[in-house]
Amino acid sequence: MSAPRSRSRTPARRRKKRRPAARRRPGVRARAARRRRRMLVLRRVLIGAVAVVLFAGIAVLVPLGLAHEKPLAICASDPRTYPSAGIEGWRGEQLENAATIMATASALGFARDGQILGVMTAMGESSLRNIDYGDWETSGFTNPDGSRTTSIGLFQQQEWWGSVEQRMDPATSATLFYERLARVPEWSSMDPSLAIHRVQINLDPTYYSRYAADATAVVDALSAPC
């Protein structure tokens, strides 16, 4: 028997490594589109940065401009010009009543000192409010003869001063006050509270002194030319 033939083994084929495909360079149009996108993003970033800078500048400059803006002049005859914060805490209706007292005093020949006295009086009597009640209703005060007080209005005038309509009208009640003040000898040389006491006959002759500074500030502020 012949020996079996040995099978010749053919060497295994080596697998060739595949080289990565070469990247194709983008075409002209693709490169142009990419540049446009980059420019668009850059433009948006720049616009956003400019907007932030402008907003910050406005936020700083506007308050500075308002701070340097000339305040609206106060005109006694125009309540719209009265400061919303008031004058020494007196505001709105109170300032309107003060302006009425001042105008009445001026018409009767009373200058700044007399106007301050009138405003002081109304501050102390009614807090510059035209109220239709008085000491009897709030504190149960009576007159020396024991009768209830009938004081009403800005100056808290009792019934012997005039009718209810007269005492509740700011200009008329101010006129009644100044007519009596004019009859006080040398009132302008007296202490303001004592001069007022001669008209109002208050229990405390010095009571009105506490309103002197406020009344002066209000009169001076409302005396500015319109």
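**View 1. Phe177 and Tyr178 sit side by side in the sequence of a predicted model, both out of reach of solvent**. Phe177 counts as buried because its relative accessibility is 0%, where buried means under 20% relative accessible area, exposed over 50% and partly exposed in between (1.4 Å probe, protein chains only). Tyr178, also at 0%, counts as buried too. Among the six aromatic pairs that a search of the whole structure finds, Phe110 and Trp187 form a tilted one, with 5.7 Å from centre to centre and 45 degrees between the planes. Phe177 and Tyr178 form an edge-to-face pair, at 5.1 Å and 80 degrees. For these labels, rings of Phe, Tyr and Trp (its six-membered ring) pair if their centres lie within 6.5 Å; planes under 30 degrees apart are stacked, over 60 edge-to-face and the rest tilted.

A word on the model: it is predicted, local features need pLDDT of at least 70, side-chain atom pairs count only at pLDDT 80 or more, and totals for chains, interfaces and linings use all residues. Residues are numbered from 1 along each chain as its sequence is written, and side-chain values use heavy atoms, with hydrogens and water left out.

**View 2. A cluster of rings takes in Phe110 and Trp187**. Ring pairs join Phe110, Phe155, Phe177, Tyr178 and Trp187. Which two residues form a tilted pair with 45 degrees between the planes? They are Phe110 and Trp187, and their pair links distant parts of the chain, 77 residues apart. Phe110 lies in the loop between helix H2 (93–107) and helix H3 (112–126), while Trp187 lies in the loop between helix H6 (170–181) and helix H7 (192–200). Helices here are DSSP runs (H or I, at least four residues), and strands (E) need at least two; both are numbered from the N terminus. Phe110 and Trp187 are both buried.

**View 3. Helix H6 has several buried residues**. They are Pro170, Ser173, Ala174, Leu176, Phe177, Tyr178 and Leu181. The cover over these residues includes H2, H3, H5 and H7. The 12 residues of H6 should span 16 Å at 1.5 Å a residue, and the end C-alpha atoms are 16 Å apart, which agrees; the expected span is 1.5 Å times one less than the number of residues. Arg180 lies over the face of Trp161, at 4.1 Å from the ring centre; a charge sits over a ring if NZ of Lys or CZ of Arg is within 6 Å of the ring centre and within 35 degrees of the ring normal.

**View 4. Helix H3 is mostly covered**. Of its 15 residues, 13 are buried. The end C-alpha atoms of H3 are 21 Å apart, in agreement with the 21 Å expected for its 15 residues. Just after H3, Ser127 takes a positive phi of about 55 degrees.

**View 5. Gln156 is found in the loop between helix H4 (135–139) and helix H5 (164–167)**. Is Gln156 buried or exposed? With a relative accessible area of 9%, Gln156 is buried. A polar atom of its side chain lies 3.0 Å from the backbone oxygen of Tyr133. Leaving out residues up to four places away in sequence, Gln156 touches Glu125, Ile131, Tyr133, Gly134, Asp135 and Ser151, where contact means heavy atoms within 4.5 Å.

Definitions and conventions
Polar contact = N/O pair within 3.5 Å; in protein donor to acceptor, adjacent residues only side chain to side chain.
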